[in-house]
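Thank you all for making time this morning. I would like to walk you through one model, beginning with a position taken from a record and then moving through sheets, helices and loops.

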Amino acid sequence: CSPGCFTIFTVHPMPLVGLGTWKSEPGQVKQAVIWALQSGYRHIDCAPIYGNEPEIGEAFQEMMGPEKGIRREDVFVTSKLWNTKHHPDDVEPCSPKNLSYIVVVLNLNEFNSAVECKQQRNSSVASIKPTVLQVESHPYLAQVELLAHCRDRSLVMTAYSPLGSPDRAWKHPEEPVLLEEPAIAALAKKYNKTPAQIIIRWQTQRGVVTIPKSITESRIKENIQVFDFTLEPEEMNQVTAVHRGWRYIVPTITVDGKSVPRDAAHPHYPFNDPY
């Protein structure tokens with residue numbers, strides 16, 4: 001396994017940087033995956049609920065094969081199951097056949113994932129030991145406690161929305177803009193990198209798998225060009241210190257004209273905890 005990946009299940013390398021595909025529309029995602037594979041990505045994160053896995057499979061078929069330079073077994077694919085699709089008979093039909101096979105399947109529900117993580121303090125309660133926990137994580141939500149929890153249990157933590165998901169339809173004008181954070185901008189200037197590259201490098205140095213989404217060729221290329229420099233320990237601390245407990249991805253509903261967290265009244269609502 002190269003320096004840019006973990007090894008889980010003892011055999012499959014999991015690259016530290018992958019291409020996220022949430023919100024990548026059909027008609028766009030195939031080309032994004034092709035650009036990613038051409039740029040050296042060997043980790044693609046997807047899900048049936050995103051509605052674009054068949055097109056991702058088309059990109060795989062076009063780019064992979066004995067005479068095409070990329071073997072299917074060299075590409076790590078993460079997909080996800082909705083909570084109604086946990087029965088063994090439901091797993092295979094959830095994945096398009098042109099994806100060939102999937103290395104990791106996650107429970108696509110951060111609410112349940114967070115609750116599960118709290119309940120897995122003694123991993124012996126699980127009949128199949130979890131190996132990956134995917135959660136929102138970025139400098140404004142550093143997840144320091146959760147990362148320590150995962151390390152103690154040999155879990156790999158994956159960060160979704162690592163750049164603050166700036167293309168969300170439900171953005172609020174008053175929310176902080178992660179890519180404009182002064183501490184990150186100063187490091188970007190020092191290393192002649194983009195703020196996004198500084199954030200991705202910070203995550204990879206922490207051992208966090210990071211899956212930035214993009215459909216823009218230049219950004220796809222930039223986002224994986226983070227292994228040619230190293231942040232100093234004090235610089236790592238500077239990035240971590242901008243943490244403000246801010247979540248960009250919280251399901252909301254409208255009550256009396258106001259947007260409120262959808263599940264906040266649930267007795268097991270996890271986001272009131274440090275992680």
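Let me begin with Tyr50, which UniProt lists, in an unreviewed entry, under "active site"; UniProt positions are given here in the numbering I am using, feature names are shortened, and such annotations may be inferred rather than shown by experiment. Before going further I should say that this is a predicted model, in which local features need pLDDT of at least 70 and side-chain atom pairs count only at pLDDT 80 or more, while totals for chains, interfaces and linings use all residues. Residues are numbered from 1 along each chain as its sequence is written, and side-chain values use heavy atoms, with hydrogens and water left out.

Tyr50 sits in the loop between β4 (43–45) and α2 (53–63), where helices (H or I, at least four residues) and strands (E, at least two) are DSSP runs numbered from the N terminus. At 19% relative accessibility, Tyr50 counts as buried, and by that word I mean under 20% relative accessible area, with exposed meaning over 50% and partly exposed lying in between, for a 1.4 Å probe and protein chains only.

For the overall picture, the protein has 9 helices and 11 strands, and buried residues make up 48% of its 275 residues. Of the contacts in the protein with a separation of 6 or more, 75% are between residues 24 or more positions apart, a contact being heavy atoms within 4.5 Å.

Staying with β4 for a moment, this strand runs parallel to β5, and 3 bridges join them; two strands are said to pair if DSSP finds at least two bridges between them. Within that pairing, Asp45 has Thr78 of β5 as its bridge partner. Strand β5 covers residues 76–81, and 6 of its 6 residues are buried, so the strand is largely enclosed by the rest of the structure. Both of its faces are covered, with Phe76, Thr78 and Lys80 buried on one side and Val77, Ser79 and Leu81 buried on the other.

Now to a second group of strands: β7, β8 and β9, in the order β7-β8-β9, form an open sheet of 3 strands with parallel pairing. Here β7 (132–136) and β9 (209–210) stand at the edges with a single partner strand each, so one side of each is left without a neighbour in the sheet. Strand β8 (residues 156–160) pairs with β9 in the parallel sense over 2 bridges, and Ala159 has Thr210 of β9 as its bridge partner.

What surrounds Thr158, if we do not count residues up to four places away in sequence? This residue belongs to strand β8 and is buried, with a relative accessible area of 2%. Its contacts beyond that sequence window are Met14, Val132, Leu133, Gln134, Val135, Val208, Val209 and Ile211.

Just ahead in the discussion is the loop between α5 (144–152) and β8, where we find Ser154. Ser154 has a positive phi of about 55° although it is not a glycine, and at 56% relative accessibility it counts as exposed. Asn192, in the loop between α6 (182–191) and α7 (195–205), also has a positive phi, near 55°, in a residue other than glycine, and Asn192 is exposed, with a relative accessible area of 70%.

The two helices flanking that loop deserve a closer look. In general, two packed helices are described by the angle between their axes and the distance between the axes. Helices α6 and α7 pack at an angle of about 100°, with their axes 8 Å apart, the axes being lines fitted to C-alpha atoms over the stretch in contact and the angles running from 0 to 180 degrees between N-to-C directions. That makes α6 roughly perpendicular to α7, given that 65 to 115 degrees counts as roughly perpendicular, under 35 as roughly parallel, over 145 as roughly antiparallel and the rest as oblique. The contact is made by Ile184, Leu187, Ala188 and Tyr191 of α6 together with Pro195, Ile198 and Ile199 of α7.

Finally, Val144 lies in helix α5 and is partly exposed, with a relative accessible area of 45%. Leaving aside neighbours within four places in sequence, Val144 is in contact with Arg206 and Thr240.
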